[in-house]
Amino acid sequence: MSVSGEETPLKIVASRELCRGHGQCELFAPDYFQIDDDALVVVVKDEVAPEDVIAVQDAVTHCPEAALRLEQARDGARQ
Ligand code: SF4
């Protein structure tokens, strides 16, 4: 773990193929996840603000279908 003083933003990756519409994500982080008319997750905003990281991580952890992931976002590059 490095602490360089430079924060790397986290981005949400959601799989609508895996999603079963439980809505746990929306309960934990409603500013980031919504369930649409097809009962599938929609990521409202994919870049996570530092103050929301814990709530979004809770949403990812509690997704029963493992349909959500967090990735580190870097300018012009991703893994
Ligand atoms: S918790 Fe997971 S399965 Fe449920 S709506 Fe959210 S992404 Fe879909």
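Me: Which elements are included in what covers the buried residues of H2?
Reply: This is a predicted model, in which local features need pLDDT of at least 70 and side-chain atom pairs count only at pLDDT 80 or more, while totals for chains, interfaces and linings use all residues. Residues are numbered from 1 along each chain as its sequence is written. Helices (H or I, at least four residues) and strands (E, at least two) are DSSP runs, numbered from the N terminus, and two residues are in contact if their C-beta atoms, placed from the backbone, lie within 7 Å. What covers the buried residues of H2 includes E1, H1, E2, E4 and E5.

Me: What arc do the buried residues of H2 cover around the axis?
Reply: A residue is buried if 20 or more other C-beta atoms, placed from the backbone, lie within 10 Å of its own, exposed if 12 or fewer do, and partly exposed in between. In H2, the buried residues are Val 56, Ala 59 and Val 60. They lie on the same side of H2 because their arc around the axis is only 95°. The arc is that of the directions from the helix axis to the C-beta atoms, and for these residues of H2 it is 95°.

Me: Which residues are exposed on the other side of H2?
Reply: Val 56, Ala 59 and Val 60 are the buried residues of H2. On the other side of H2, the exposed residues are Ile 54 and Thr 61.

Me: Which are the edge strands of the open sheet?
Reply: Two strands pair if DSSP finds at least two bridges between them. The open sheet has 3 strands in the order E4-E1-E5, with antiparallel pairing. Pairing on one side only marks the edge strands, which are E4 (47-48) and E5 (68-72).

Me: What angle does the direction of H2 make with that of E5?
Reply: E1 (residues 10-14) runs antiparallel to E4 and is joined to it by 2 bridges, and the bridge partner of Lys 11 in E4 is Glu 47. H2 (residues 53-62) packs on this sheet and touches E1, E4 and E5. Axes are lines fitted to C-alpha atoms, for helices over the stretch in contact, and angles run from 0 to 180 degrees between N-to-C directions. For H2 and E5 the angle is about 140°.

Me: Which residue in E5 is the bridge partner of Val 13?
Reply: E1 and E5 run antiparallel and are joined by 5 bridges. Val 13 is on the uncovered face of E1 together with Lys 11, whereas Leu 10, Ile 12 and Ala 14 form the covered face. In a regular strand the side chains alternate between the two faces of the sheet. The bridge partner of Val 13 in E5 is Arg 69.

Me: How far apart are the C-alpha atoms of Glu 71 and Glu 47?
Reply: Glu 71 lies in E5 and counts as partly exposed because it has 14 C-beta neighbours inside 10 Å. Glu 71 and Glu 47 are 24 residues apart along the chain, and their C-alpha atoms are separated by 9.7 Å.

Me: Which residues does Gln 72 touch, not counting residues up to four places away in sequence?
Reply: Gln 72 is in E5 and counts as exposed, because it has 11 C-beta neighbours inside 10 Å. The C-alpha atoms of Gln 72 and Val 48 are separated by 10.0 Å. With residues up to four places away in sequence left out, Gln 72 touches Thr 8 and Leu 10.

Me: What is the phi of Ala 66?
Reply: Most residues other than glycine have a negative phi. Ala 39, in the loop between E2 and E3 (41-43), has a positive phi near 60°. Ala 66 is in the loop between H2 and E5 and counts as exposed because it has 10 C-beta neighbours inside 10 Å. Ala 66 also is not a glycine, and its phi is positive, about 55°.

Me: Which elements give two or more residues to the shell around the ligand?
Reply: Among the 16 residues around the ligand, the nearest are Cys 19, His 22, Gln 24, Cys 25 and Cys 63; a residue is near a molecule or strand if its C-beta atom, placed from the backbone, lies within 6 Å of it. Two or more residues of the shell come from each of H1 (24-28) and E2 (33-35).
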